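User: I'm new to this one and would like to learn how to read helix packing and sheets. Could you walk me through it?

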Amino acid sequence: MRYSKAFVPTLKEVPADAKVDSHVFMIRGGYIRQVAAGVYNFLPLGWRVIQRIETIVREEMDRAGAQEILMPAAIPAELWQETGRWQKYGPELLRFKDRHGADYCFGPTHEEVVVDLVRRELKSYRELPTNLYQIQGKFRDERRPRAGLMRGREFIMKDAYSFDVDAESAAKSYDSMYAAYKRIFARCGLDFRPVEADTGSIGGAKSHEFQVLAESGEDNIVACDTCEYAANVEQAAIRAASEPGIQGGGELSKVSTPGKKTIADVAAFMKIAPSSLIKSLVYMADDKAIMVLLRGDRSLNEIALKKLTGATELFPAREGQLQKATGGPVGFVGPVGVDMPVYADMELKGASGAVVGANSMDTHLSGVDLARDVKVTEYVSLRQAEPGEPCARCEGHYVSYKGIEVGHVFSLGTVYSQPMNCSFLDENGKSQIAVMGCYGIGITRIAAAAIEQNHDKGGIIWPMSIAPYEVTVLPLQTNDEEVVRAANELYESLLDQGVAVLLDDRDERPGAKFKDADLIGVPLRIAIGKRSLGEGTLELKWRRESESSNIPAQGAAQAIAKLVADEKARLRGAGA
């Protein structure tokens with residue numbers, strides 16, 4: 001492509017609403033433009049990246065034996081009503097009516113549609129296993145779309161669905177997709193970790209997220225420093241404590257704590273460690289108030305709490321709800337004497353000598369013994385795993401990371417096939433319910449995640465496998481016939497050898513061309529100047545490196561094409 005003919009509207013200024021690097025550089029580099037909150041146009045550069053990611057995904061899905069289909073974006077409500085998700089999914093599901101008043105949704109995921117397809121078409125065990133996938137636009141009505149493509153409302157996703165005769169066969173399908181995902185993300189040039197995760201609104205028995213490691217990530221991950229175990233903090237296994245998390249003595253007594261509402265403030269005022277306090281959290285589980293107790297220095301695992309309560313809607317009690325439930329003001333709530341279910345983290349079993357709120361203004365209680373002073377409904381693991389604590393699988397310890405989820409694999413069992421009666425006849429002619437798995441990849445999120453891992457202050461540094469162009473050729477003096485001729489000849493030769501090349505033939509200063517090349521992030525830059533050409537050389541610079549080198553002008557196209565092929569082969573090999 002010739003830059004003079006390309007639609008690449010780059011910007012010098014940082015957009016006011018762009019907060020993360022991928023959003024900044026995709027706007028500045030002319031990759032995307034916002035249409036509405038969380039909804040974007042993909043410009044030519046951006047679409048080329050998406051197409052290259054899709055190619056890798058298709059190749060690996062096909063290699064794993066999956067078959068591509070395309071399902072409708074608009075889904076009739078009755079399919080979702082069969083599984084109960086029409087009522088359960090929540091406000092992220094974009095619902096609408098057609099002209100006849102029939103209810104539809106814009107599909108955020110397609111379990112119901114694919115089950116309906118399979119139950120109509122596949123009747124015998126001989127037709128299983130089968131794995132069907134699509135690459136399609138999705139819409140989820142996020143409350144706060146943000147961070148550009150990382151948390152948009154409309155996005156492109158690859159979703160696949162496997163159907164098997166039994167759990168053993170389904171486990172093989174799951175493992176096949178797990179391996180395919182590792183190849184896909186390695187080929188995309190990403191530094192990632194598969195981590196155990198919650199099944200969320202999709203459901204099922206187990207799942208793994210594929211997390212790209214980046215400080216801008218929204219997900220908190222812990223990974224063992226010794227074994228390969230890694231998990232989202234909400235899912236990470238916690239080794240059972242050998243002794244109570246709080247041990248002390250003293251009689252139950254009131255302590256005046258004027259204005260001290262936070263754990264840190266109370267601990268400093270009483271000259272004790274935050275770990276000696278019990279954090280009392282009041283939540284509304286649907287319309288019912290419950291209390292959760294954690295050690296003062298711990299964080300609540302809301303997913304574990306939601307599973308425990310089975311609540312459709314779970315949120316921290318508002319001030320009025322909290323006061324009605326406990327009789328105490330915000331900042332001084334505690335478990336002694338309350339009339340509601342009280343769930344204590346397992347770490348607090350046997351806790352004594354603790355400090356809690358007294359349900360009275362400016363007052364706390366010390367010397368609290370949970371077994372003696374509090375009516376605990378149940379002890380259960382309710383805290384998040386934290387860095388530094390022992391691994392639950394070996395003798396190592398957890399290290400924390402931030403991650404961007406780019407893929408998720410689920411072992412569904414019969415969560416969808418049972419209520420929709422997706423059955424087949426086994427070898428004995430008996431009807432059986434198909435066992436399912438589902439597997440999603442955020443195509444557009446991969447593009448954003450790749451930038452979060454691969455950029456500098458000047459712009460994007462694309463991995464060769466997903467870059468919009470593999471090489472950019474920069475003639476530095478466009479008024480010099482020899483320079484222009486050499487640039488055009490190199491451009492045409494690279495095209496002939498199958499290299500994706502961008503020729504910057506604009507009448508711009510060299511500095512402007514260098515800056516734009518850095519901004520859009522093409523991996524390999526070839527500068528052709530009058531001086532170097534006179535010496536029979538061209539300047540070659542990898543975007544990732546700070547220094548350039550000279551290569552002979554004679555045979556340059558073949559040498560450059562080999563560099564591109566070698567780098568693509570390296571990434572392909574990383575995914576082997």
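Analyst: Let's take a helix pair and then a sheet, keeping in mind that this is a predicted model.

User: What describes two packed helices?

Analyst: Two things: the angle between their axes and the distance between those axes. Here, take helix 2 (residues 44-63) and helix 6 (residues 167-187): their axes come within 9 Å and cross at roughly 155°. Angles over 145 degrees count as roughly antiparallel, so helix 2 is roughly antiparallel to helix 6. The crossing of helix 2 past helix 6 is right-handed.

User: Which residues of helix 2 and helix 6 make the contact?

Analyst: On helix 2, look for I56, V57, E59, E60, M61 and R63. Helix 6 brings M177, A180, Y181, R183, I184 and R187. Sorted by class, that contact has 7 nonpolar and 5 charged residues, with no polar ones.

User: Okay, on to the sheet. In what order do the 5 strands sit?

Analyst: Read across the open sheet and you get 28-27-29-30-31, with mixed pairing. The edges are strand 28 (501-503) and strand 31 (549-552), each of which pairs on one side only. On average, neighbouring strands in this sheet are turned by 25° against each other, if you ignore direction.

User: How do strand 27 and strand 29 run, parallel or antiparallel?

Analyst: Parallel: strand 27 (residues 471-475) is joined to strand 29 (residues 524-528) by 5 bridges. For a spot to zoom in on, find T472, which stands opposite R525 in strand 29.

Notes. Residues numbered from 1 in each chain as written. Predicted model: local features only at pLDDT ≥ 70, side-chain atom pairs only at ≥ 80, totals over all residues. Heavy atoms only, no water. Axes fitted to C-alpha atoms, helices over the stretch in contact; angles between N-to-C directions. Helix = DSSP H or I, 4+ residues; strand = E, 2+ residues; numbered from the N terminus. Parallel < 35°, antiparallel > 145°, perpendicular 65-115°, else oblique. Left-handed = near helix turned anticlockwise from the far one by under 90°. Contact = heavy atoms within 4.5 Å. Nonpolar A, V, L, I, M, F, W, Y, C, P; charged D, E, K, R; others polar. Pairing = 2+ DSSP bridges.
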